[in-house]
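Visitor: Got a minute to walk me through this one? I'd like to start with the charged side chains.

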Amino acid sequence: MDVIKTSQHKARKPHVCEYCGFSIQPGELYQRDFINNSGEVYEWKSHADCYELTGDLKMMDHADEGITA
């Protein structure tokens, strides 16, 4: 799994956080990653806090195939 691009945005419309499953409301900051997983390219959106928490807990260190909610 390779992260192609990571960026932070302010939501203009509601999105769903891929980590916690709760809504990202308009005006909230969120993280957007473009990921390539064995040729499958997709977008991963998450609350900025959820994204930070996964880093603090080192959740990706042992997740060969990524993580889900």
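Guide: Sure. A salt bridge here is a side-chain nitrogen of Lys or Arg within 4 Å of a carboxyl oxygen of Asp or Glu. Keep in mind that this is a predicted model.

Visitor: OK, how many salt bridges does that rule give?

Guide: The count comes to two salt bridges. In one of them, the side chains of R32 and E43 meet at 3.7 Å, N to O. That pair links distant parts of the chain, with R32 in strand 4 and E43 in strand 5, 11 residues apart.

Visitor: And which residue does E43 bridge to at 3.5 Å?

Guide: That's K45, with the closest N and O atoms 3.5 Å apart. The salt bridges share partners, and they join R32, E43 and K45 into one network.

Visitor: Is K45 buried or exposed?

Guide: K45 counts as buried, because its relative accessibility is 16% and the cut-off for buried is under 20%. R32 is partly exposed at 22%, and E43 is partly exposed too, at 32%.

Visitor: Back to the strands. How do strand 4 and strand 5 pair?

Guide: Strand 4 covers residues 29-37, and it pairs with strand 5 in the antiparallel sense over eight bridges. Strand 5 itself runs over residues 40-47. Within that pairing, R32 stands opposite K45.

Visitor: What's between the two strands?

Guide: They form a hairpin with two residues between them. S38 is found in that loop, and S38 is exposed, with a relative accessible area of 78%.

Visitor: What's the phi of S38?

Guide: Positive, about 55°, although S38 is not a glycine. Most residues other than glycine have a negative phi.

Visitor: Now the other serine, S46. Buried or exposed?

Guide: S46 is buried, because its relative accessible area is 1%, and the cut-off is under 20%. S46 lies in strand 5.

Visitor: What does S46 touch?

Guide: Leaving out residues up to four places away in sequence, S46 touches C17, E18, Y19, I24, Y30, Q31 and Y51.

Visitor: Switching to the core. Which residues make up the largest nonpolar one?

Guide: There are eight residues in all: A11, C17, Y19, I24, Y30, I35, W44 and C50. In soluble globular proteins, nonpolar side chains tend to be buried together.

Visitor: Take C50 from that list. What is C50 in contact with?

Guide: Setting aside neighbours within four places in sequence, C50 is in contact with C17, Y19 and C20. Of those partners, C17 and Y19 are listed in the core with C50.

Visitor: One last residue, Y42. Where is Y42 found?

Guide: Y42 is found in strand 5. Y42 counts as partly exposed, at 24% relative accessibility.

Visitor: And what does Y42 touch?

Guide: With residues up to four places away in sequence not counted, Y42 touches M1, D33, F34, I35 and N37. I35 also belongs to the largest nonpolar core.

Visitor: How far apart are Y42 and V3?

Guide: In sequence they are 39 residues apart, and in space Y42 and V3 are 9.9 Å apart, C-alpha to C-alpha.

Key
Residues numbered from 1 in each chain as written. Predicted model: local features only at pLDDT ≥ 70, side-chain atom pairs only at ≥ 80, totals over all residues. Heavy atoms only, no water. Helix = DSSP H or I, 4+ residues; strand = E, 2+ residues; numbered from the N terminus. Buried < 20%, exposed > 50% of the residue type's maximum accessible area, 1.4 Å probe, protein only. Contact = heavy atoms within 4.5 Å. Pairing = 2+ DSSP bridges. Core = buried A, V, L, I, M, F, W, Y, C linked by side-chain atoms within 4.5 Å.
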